[in-house]
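Biologist: I'm new to this one. Could you show it to me and let me ask how you arrive at your labels?

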Amino acid sequence: MLLTVFFLSVKLFRISVPLFINLYHPGLFYWRKNNSKSMDLGNEVQKILSWTSVCGNLGLHLIWLILHLIINVWYSVLGIAHKVESTLISSRLLKSYNAININKVRYLAVVIESEEARQTSKVLELLHWLASIGIKSICLYDREGVLKNSQEAIIEGLNKSQESIIEGSDHGTLPEHVDLEFVSFADSKPAVAKAANLLFVKHYASTKPGKPNITESDMSEALQAAGYGGREPDLLLVYGPVRCHMGFPAWRIRYTEIVHMGPLKSMKFGSLIKAIHKFTKVHQNYGQ
């Protein structure tokens, strides 16, 4: 913002000074035509203004390049630090991450951007990682329903391999049973429509006088009755370019902790361990 103001000030100064000389001193303009010394002085002023404008533009460009370089270096250092930390966690060198109270993550949801969800091998690898950590109930979601359409291939891939392959090393075996739920954005539309219809019949179509008072519990009961209640995840991991839940059913994440994990292609086992470990250390307060 400051750079923009400075740049505009330089431009305004360059334009306003010649106009000021010509508009508010017309006699001076006429006098310069008849006096070579005055013309030389005017040329010198124009050169100074032109030189000042060029220096200002160069200065702004230099400041922009320096700031851009600093930001790039900063994010590069952060990226390297995260990779080193992930490697140390994966190698079990950071002992504080070795013990995870996995009982606090009773149900975990994974939201994947639909284009990345087509990478079935990466999805299977992620499921192997979660299973090896001890997660037994997992909900897979993408907006376009790619994961839901690939449900058979994913389950078959999990059944074929009993050993999890995590970054080229063996981190344990898969548990005997992992519950998987597949959800897409299309599931939300009939859920809302059926729940709204049930609420209308219950509160508006009746002969009871007065304005109905619809509470949160009424909405939850309507969704359950419509068959779209579902379990509420304790933790929701988002894999994709944007930091949002990408349309995951809102009524199921009222108290859910949401963590953005970055692109699926860049996923790291250490980052996964870190996110789950951090969640298990957080104390959640629930309002009434």
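Modeller: Here are some questions and answers on a few helices and one loop residue, and keep in mind that this is a predicted model.

Biologist: Why are helix 4 and helix 6 called oblique to each other?

Modeller: The axes of helix 4 (residues 120-133) and helix 6 (residues 151-160) cross at roughly 50 degrees. Roughly parallel needs an angle under 35 degrees, and roughly perpendicular starts at 65. The angle fits neither, so the pair counts as oblique. As for handedness, the crossing is right-handed.

Biologist: Which residues meet where helix 4 and helix 6 touch?

Modeller: From helix 4 you get Thr-120, Val-123, Leu-124, Leu-127 and His-128, and they meet Ile-154, Gly-157 and Leu-158 of helix 6. Five of the contact residues are nonpolar, three are polar and none is charged.

Biologist: What makes helix 9 largely enclosed by the rest of the structure?

Modeller: A residue is buried when its relative accessible area is under 20%. Nine of the 12 residues of helix 9 are buried, so the rest of the structure largely encloses this helix. Among them are Phe-269, Leu-272, Ile-276 and Phe-279.

Biologist: How do you know that the span of helix 9 is close to what is expected?

Modeller: Helix 9 (residues 269-280) reaches 17 Å from its first C-alpha to its last, against an expected 16 Å.

Biologist: And why does Asn-101 count as partly exposed?

Modeller: Asn-101 sits in the loop between helix 3 and strand 1. Its relative accessibility is 39%. Buried would be under 20% and exposed over 50%, so Asn-101 is partly exposed. Asn-101 is also 178 residues from Phe-279 in sequence, yet their C-alpha atoms are 9.6 Å apart.

Methods:
Residues are numbered from 1 along each chain as its sequence is written. This is a predicted model: local features need pLDDT of at least 70, side-chain atom pairs count only at pLDDT 80 or more; totals for chains, interfaces and linings use all residues. Side-chain values use heavy atoms; hydrogens and water are left out. Axes are lines fitted to C-alpha atoms, for helices over the stretch in contact, and angles run from 0 to 180 degrees between N-to-C directions. Helices (H or I, at least four residues) and strands (E, at least two) are DSSP runs, numbered from the N terminus. Angles under 35 degrees count as roughly parallel, over 145 as roughly antiparallel, 65 to 115 as roughly perpendicular and the rest as oblique. A crossing is left-handed if the near helix is turned anticlockwise from the far one by less than a right angle, and right-handed if clockwise. Contact means heavy atoms within 4.5 Å. Ala, Val, Leu, Ile, Met, Phe, Trp, Tyr, Cys and Pro count as nonpolar, Asp, Glu, Lys and Arg as charged, and the others, Gly among them, as polar. Buried means under 20% relative accessible area, exposed over 50%, partly exposed in between (1.4 Å probe, protein chains only). The expected span of a helix is 1.5 Å times one less than its number of residues.
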